[in-house]
Amino acid sequence: MVYGELGRYPMYIDVTCRIISMWCRINGENKFDRLSNVLYNLLLAMQDSKLLECKWINFVKNTLFKLGLGYVWDKPNVSPKWLIAIVKLRLIDAFKQKWYSDIYANDACINYIIFKSDLSIEEYLIKLPIKQRQLLCKFRCRNFNVPFGIFSDHIIPTTCPLCDKSDIPDEFHLLLDCAFFRYERNKVIPGIVANTYNLNKILKEKYHKLHGLIKMIIMLSKAY
Ligand SMILES: [Zn+2]
């Protein structure tokens, strides 16, 4: 969820790109008379003869093969710019696939997947005042003192302690459906109907339209 809200990628992607870039620069065209290239080839020959094991060489080779670029390892005379661009793209694609499968598999993200569909920074993190930003971020990322959040993962309540409805008291229920907050809800977000479309809509609103939602979240936080 942190990556999802910030639209950032893990640091290993940049680190891997830098390592591949360095390998490409040592190994590229017109580098055969460079000391770095001579030493690299010596290291490679020693590794091929099983005289030593170089973790850096193994990392470069394994990364290229893992990303479907094994032919570059065999014939490294490619443009460094092209190679870095394609390595970065494939690492980001692999990370995005893992991110999507992780949030779909994690019970804690059951509401998050309703309103978060792309890995890009949320405008509210830049434009809202710091306190409102923190509050909304905690609510979206289930780091909030709603009943669902304060119970352990093994005990999921099936009845709302505030309105006694047989429903999981999660963000969706409290924000849009809980009878306990009906009066306050009608005041700050009037006419809202409890469905997943509205949860998606309200949590993806532009920052200047979020004041009603912020007021509602403050009320929810005070109820516990
Ligand atoms: Zn309720």
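1. Start with the domains. This is a predicted model, and its domain assignment splits the protein into domain 1 (2-105) and domain 2 (127-223). The C-alpha centres of domain 1 and domain 2 are 44 Å apart.

2. Next, a helix pair worth pulling up on screen. Helix α9 (residues 130-140) and helix α14 (residues 211-222) have axes that come within 10 Å and cross at roughly 70°. Angles of 65 to 115 degrees count as roughly perpendicular, so α9 is roughly perpendicular to α14. On the α9 side the contact uses Gln132, Leu135, Leu136 and Phe139, while α14 brings Ile214, Ile217 and Ile218. By residue type, that contact comes out as six nonpolar, one polar and no charged.

3. Now the cores. The largest nonpolar core has 16 residues, and those touching the most other members are Leu136, Leu174, Leu210, Met216 and Ile217. At least two residues each come from α9, α11 (171-177) and α14, with α14 giving the largest share at four residues. There is also a second, separate core of nine residues, with Val60, Leu64, Val72 and Leu91 among them. Two names turn up both in the largest core and in the helix contact of point 2: Leu136 and Ile217.

4. Leu210 deserves its own look. Setting aside residues up to four places away in sequence, Leu210 touches Tyr124, Leu128, Leu136 and Glu205. Leu136 also belongs to the α9 side of the contact with α14.

5. Follow Leu210 across to Leu128. The two are 82 residues apart along the chain, yet their C-alpha atoms are separated by 9.0 Å. Leu128 sits in the loop between α8 (124-127) and α9. Is Leu128 buried or exposed? With 20 other C-beta atoms within 10 Å, Leu128 is buried; the cut-off for buried is 20 or more, so Leu128 sits right on it.

6. Asn198 makes a handy contrast. This residue is in helix α13 (residues 196-203) and is partly exposed, because 16 other C-beta atoms lie within 10 Å. Which residues does Asn198 contact, leaving aside its neighbours within four places in sequence? They are Leu176, Ile192 and Val193. Asn198 also has a long-range pairing to check: Phe115 is 83 residues away in sequence, with a C-alpha to C-alpha distance of 9.4 Å.

How values were computed:
Residues numbered from 1 in each chain as written. Predicted model: local features only at pLDDT ≥ 70, side-chain atom pairs only at ≥ 80, totals over all residues. Axes fitted to C-alpha atoms, helices over the stretch in contact; angles between N-to-C directions. Parallel < 35°, antiparallel > 145°, perpendicular 65-115°, else oblique. Contact = placed C-beta atoms within 7 Å. Nonpolar A, V, L, I, M, F, W, Y, C, P; charged D, E, K, R; others polar. Domains from an automatic or database assignment. Core = buried A, V, L, I, M, F, W, Y, C linked by C-beta atoms within 7 Å. Buried ≥ 20, exposed ≤ 12 C-beta atoms within 10 Å, placed from the backbone.
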